[in-house]
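Work through the exercises below with the sequence and the model side by side. Each task is followed by a solution in steps.

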Amino acid sequence: MKKWWLVGLIIILMVVGLFIGNYFMQKESFSVNPSLPLGVKILLSEETTKIVKITNNENSEQDFSLYLNNFEGLASLSETSFTLQAKESKEIEIFFKDSKNKVNVYPGKLIIQTSDLQKELLILLTIKNKNRIFTIDHDGIPEYSNVYSGGKLGIVVQISDMEGENLREIKTVYSIRDFEDELILSDQTDITIEGSKEIEKIIDIPETIIPGDYVFVTTINYNDIGSIEGYIFTVSPKLT
């Protein structure tokens, strides 16, 4: 009986040891809030500020360095390097300003680094025209939620005329960009809209696309007034 008791104790200790080891292996040396992609929307010639909180999860101090990717002339940081003591947090301001006077979607990243870890916060900056005629909304189609190289992306595009039930012929451009703002593909469609219209887009994802994060962008230019909206999605490796 005593032997079985010892065996049971050993098994319990092994399970507890595995749990503790797994906990510490999964624990990251610092955390970033928000952890999900940061969506920023401003009007032409306007500006705004967003806050990102960084927390040192270690029991010792850490040196941090930060920089923005793909936002030259559009965004800047309140600080680019600092030291956090054990368990200390710091709020960093990101200042966004439209300096290009152009309706557009700008995908980019905030990169946070220490000596042993790098994290990336995805940022999607959308600059809109306050006089835009159309609003654009995107929703993913559930059956296409798993997007992979060589697969398909399914998006419902909802376009609404802010000026009422007018019959209009418009050109709509659909594109996919990566977070280096490289164009992956583009397609133009002429549509007729009266008030609002829902369009289901099924897009073939290239076999050669690299797994990662991308932006699906819908652009409308009507009477030289632009409307634009982006939708972030992830391409996973193709299962073999």
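The exercises cover two sheets, a salt bridge, a charged patch and two backbone features.

The model is predicted, so local features need pLDDT of at least 70 and side-chain atom pairs count only at pLDDT 80 or more, while totals for chains, interfaces and linings use all residues. Residues are numbered from 1 along each chain as its sequence is written, and side-chain values use heavy atoms, with hydrogens and water left out.

**Exercise 1.** Give the strand order of the open sheet of four strands and identify its edges.

Solution. Take strands as DSSP runs of E with at least two residues, numbered from the N terminus. Count two strands as paired if DSSP finds at least two bridges between them. The order is then 13-12-15-16, with antiparallel pairing. Strand 13 (183-194) and strand 16 (225-235) each have a single partner strand, so one side of each lacks a neighbour in the sheet. From one strand to the next the twist averages 20 degrees; axes are lines fitted to C-alpha atoms, and angles run from 0 to 180 degrees between N-to-C directions. Next, follow one pair: strand 15 (residues 212-222) and strand 16 are joined in the antiparallel sense by eleven bridges. Aspartate 213 has threonine 234 of strand 16 as its bridge partner.

**Exercise 2.** Do the same for the open sheet of five strands.

Solution. The order reads 2-9-8-4-6, and the pairing is mixed. Strand 2 and strand 6 (81-84) are the edge strands, each pairing on one side only. The twist averages 25 degrees from one strand to the next. Strand 2 runs parallel to strand 9 (residues 118-128), with six bridges between them. Within this pairing, valine 40 has leucine 125 in strand 9 as its bridge partner.

**Exercise 3.** Which residue forms a salt bridge with lysine 41?

Solution. Apply the rule: a side-chain nitrogen of Lys or Arg within 4 Å of a carboxyl oxygen of Asp or Glu. The count comes to twelve salt bridges. Lysine 41 pairs with glutamate 229, and their closest N and O atoms are 2.8 Å apart. Lysine 41 belongs to strand 2 and glutamate 229 to strand 16, so the pair ties together parts 188 residues apart in sequence.

**Exercise 4.** List the residues of the patch of negative charge on the surface.

Solution. Keep residues with over 30% relative accessible area (Shrake-Rupley method, 1.4 Å probe) and no salt bridge, joining like charges within 9 Å. Asp and Glu count as negative, with the charge placed at CG of Asp or CD of Glu. The patch holds Asp137, Asp139, Glu143, Glu198 and Glu200. Strand 10 (134-140) and strand 14 (196-204) each give two or more residues to the patch. Glutamate 198 lies in strand 14.

**Exercise 5.** Locate the cis peptide bond and the positive phi of serine 45.

Solution. Most peptide bonds are trans, and most residues other than glycine have a negative phi. The bond from asparagine 33 to proline 34 is cis, with omega near 5 degrees. Proline 34 sits in the loop between strand 1 (30-33) and strand 2 (38-43). Serine 45, not a glycine, has a positive phi of about 70 degrees. Serine 45 is in the loop between strand 2 and strand 3 (47-56).

Conventions: Patches are made of residues with over 30% relative accessible area and no salt bridge: like charges are joined within 9 Å, nonpolar side chains (Val, Leu, Ile, Met, Phe, Trp, Tyr) within 5 Å.
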